[in-house]
Structures are given as structure tokens and as C-alpha cells.
Amino acid sequence: MSFDLKFPFILSLATITTRFLPFVFYSFLSKFLNNRINSYIITLLIGILVCNGYANFEQVNEYGLRLTSGLIVALSYYKTRNVLLSILSGSILYVLVLNTTGWAL
Amino acid sequence: MKNLKSIFLFTLPVAISYIFLGLTFGVIFANKGGSIFESFFISLTTFAGAAQFYGLEIYGNDYSLITFFLTVFFINLRHIGYGVAIGKDFGSWGLRKIYMIFALTDENFGMWQLSADKNLPKMLKVFFLNHCYWIIGCTLGVVWGSQIKLKGLDFILTALFIVLLVDNGLKIVKERKVA
């Protein structure tokens, strides 16, 4: 099988461009985003990523399960501040229920 | 050694997320006809989950280079916010800074935010370890992925972002109380 070098090259180039851009034009970009506003933007961006994680559910049951597991992760982290425990508690519940109840398509 | 152990434990949540998400990428990539070497090479040189998953959609089909570049660029546009937020903290230009910028993924940015001391040599190791987890996941996915039948493993990444969101939210609340 031939190896299409263009594919990884463009993928890498576009990714690297977005990552290096703010470091090359830091003073220009930081004028628009001061630290305080930036912390809100970052939280908003991560919020969008979380919502995106919920966007590809297939069934109502699965959506409910995602929501419940997500809440467990959030509450667990709020109470314990333990990243690993919080992630595992919600994820194990999600994977177990999804694979044992036949909700997965 | 103790330092390395603490770094490993610090990166463990990302390790779990990256390895399982990488496996998912590897399975789909193998089904699209991708090889182990390609998966290894792409994860080594790109190291971007969302962009790589988008790439899967067009892999093996005809595509316009400009459209492909621009789509990946816009998918990764959020990295500009990350760069501006920590632009001054990476120190002077050198190989370490170049690698850390290259490896500034959502999760590495989260690790940076979670880290109390922001020690550059330590964070370089954190970024590098996370990169290794991603490469291992993507490569093993092509080899073993088809044998993994569990559904819903992608939730681990969502769970990681929930933790980061709660953590950022708590920091903002704390900052407002101090102000």
C-alpha cells in the first residue's frame, strides 16, 4: 500500500500553524485578549468541547446516561478534587451500563 | 525516580483518555485501510485528536489541499486562545519551547493549568509523556483495536474535559472572591 505523504503533511502543517501563531504574534494577539478575559474564553472553549462530547448521542437513553455520568464526574471532582477518580467513576458507569443494557447501537 | 513517578501519576488521567481515544482512532484508521506506520507517523507529527478524527473522514478519498488545510486550521483555532494565555510562561525560544508549543493540545493545556508550580523541565516531561500515550494508543489501535468490542470509551475524553471545566470554573469563582 502506498503512503500518501500529503495527508499527514497538511494535517500536521495546519495544526502546527494554529499552535505557533499566538507565540509568533503574541504581543499583537494579547492586545485583544487580556488575561482576565482569556480565562473566561478558555473556560468557554472547554465548555464547547464538553458540549461537543454530548452532541453525537444516538438514543434518548444514551443521552440520559451521558448526562448522568457527566454529572457524576463533575460532582466527584467538585467534592474530591481527584482527577483520576472523577474520570474513572463516571466513565466506568457509562461504559458498563452502555455495554450491559444493549443501548449501544 | 520519585520525580518521574509523580509525573507519571500526574499524567495518569490523560494516559487513560489518550490510550483509549487513540485506540478508537486506530480502529477506524485500520478499517479505512491505514497502516501501523501511517498511524504512528500521523500521531507523531500531528498530535491533535479532533484534527486526526476529521482526517479520517477524508482519508483515502479525493480532497482539495486548501480545503483540507483550512478545515483543520479552523478545527484547531482554539489553540490560539491557549497560546495567548500561556505565551509568556514557556520561556525563551529553544528546542524545549518549540516542542512544548507543538505539543500544546487541549489536555496538555489542562495539565499546565492544573499544575501548581509550572516548572518548565517538569512540564516538558508531562507533555512528552502525553505525546507518547497518544502515539501508543493510535498505533496499538491499528494492531489490537479490532478486538476491542466495548462501546462508549470515547466518554473518557468528555469526562476529562468536564474535570477541566469544573476546575476552571472553580478558579474563576476563587479569583472573583479575591477581587
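Is B:Phe47 buried or exposed? In this predicted model, B:Phe47 has a relative accessible area of 1%, which lies under the cut-off of 20%, and B:Phe47 is therefore counted as buried. The residue is found in the loop of chain B that runs between helix H2 (36-45) and helix H3 (49-58). Its backbone also deserves attention, since phi of B:Phe47 is near 50°, a positive value in a residue other than glycine. Most residues other than glycine have a negative phi.

The ring of B:Phe47 takes part in one of the aromatic pairs, of which the rule counts 17 over all chains. Its partner is B:Tyr18, and because the two ring centres are 5.8 Å apart while the planes stand at 75°, the pair is classed as edge-to-face. This pair links distant parts of the chain, given that B:Tyr18 belongs to helix H1 (residues 2-31) of chain B whereas B:Phe47 sits in the loop between H2 and H3, 29 residues apart. Both B:Tyr18 and B:Phe47 are buried.

A further pair in chain B is made by B:Tyr99 and B:Phe102, whose ring centres are 6.2 Å apart with planes at 45°, so that the pair is described as tilted. These two residues are three residues apart in helix H6 (residues 95-102) of chain B, and they are therefore separated by about one helical turn. B:Tyr99 and B:Phe102 are likewise buried. Aromatic residues are also gathered into a cluster that draws on both chains, being formed by A:Phe7 together with B:Phe25, B:Phe29, B:Phe53, B:Tyr54, B:Tyr59 and B:Phe68.

Chain A contains five helices and zero strands, and its pattern along the sequence reads α-α-α-α-α. Of the 105 residues in chain A, 41% are buried. When the contacts within chain A between residues at least 6 apart in sequence are considered, 37% of them join residues at least 24 apart.

The interface between the two chains brings 61 residues of chain A into contact with 72 residues of chain B. The area buried between chain A and chain B is about 5,900 Å², and carbon and sulfur atoms give 78% of this area. On the side of chain A, the residues A:Phe7, A:Arg19 and A:Phe23 supply 14% of the area that chain A buries against chain B, which is more than any other three residues. Across this interface the rule finds zero salt bridges, although five residue pairs are found in polar contact, with both residues at pLDDT 80 or more.

Each of the helices H1 (6-24), H2 (26-30), H3 (35-54), H4 (60-80) and H5 (83-101) of chain A supplies at least two residues of the side that touches chain B. Helix H1 of chain A gives the most to this side, with 17 residues. In terms of residue type, the side of chain A that touches chain B divides into 37 nonpolar, 18 polar and six charged residues.

A:Thr17, which lies in helix H1 of chain A, offers a closer view of the contacts between the chains. Once neighbours within four places in sequence are left aside, A:Thr17 is in contact with B:Phe69 and B:Phe73. Its relative accessibility is 26%, and A:Thr17 therefore counts as partly exposed. Within chain A, A:Thr17 and A:Ile48 are separated by 31 residues in sequence and by 22 Å in space, taken from C-alpha to C-alpha.

Technical notes: Residues numbered from 1 in each chain as written. Chains lettered and ligands numbered in written order. Predicted model: local features only at pLDDT ≥ 70, side-chain atom pairs only at ≥ 80, totals over all residues. Heavy atoms only, no water. Contact = heavy atoms within 4.5 Å. Buried area = accessible area lost by both parts, 1.4 Å probe. Salt bridge = Lys/Arg side-chain N within 4 Å of Asp/Glu carboxyl O. Polar contact = N/O pair within 3.5 Å; in protein donor to acceptor, adjacent residues only side chain to side chain. Helix = DSSP H or I, 4+ residues; strand = E, 2+ residues; numbered from the N terminus. Nonpolar A, V, L, I, M, F, W, Y, C, P; charged D, E, K, R; others polar. Buried < 20%, exposed > 50% of the residue type's maximum accessible area, 1.4 Å probe, protein only. Phe/Tyr/Trp six-rings, centres within 6.5 Å; stacked < 30°, edge-to-face > 60°.
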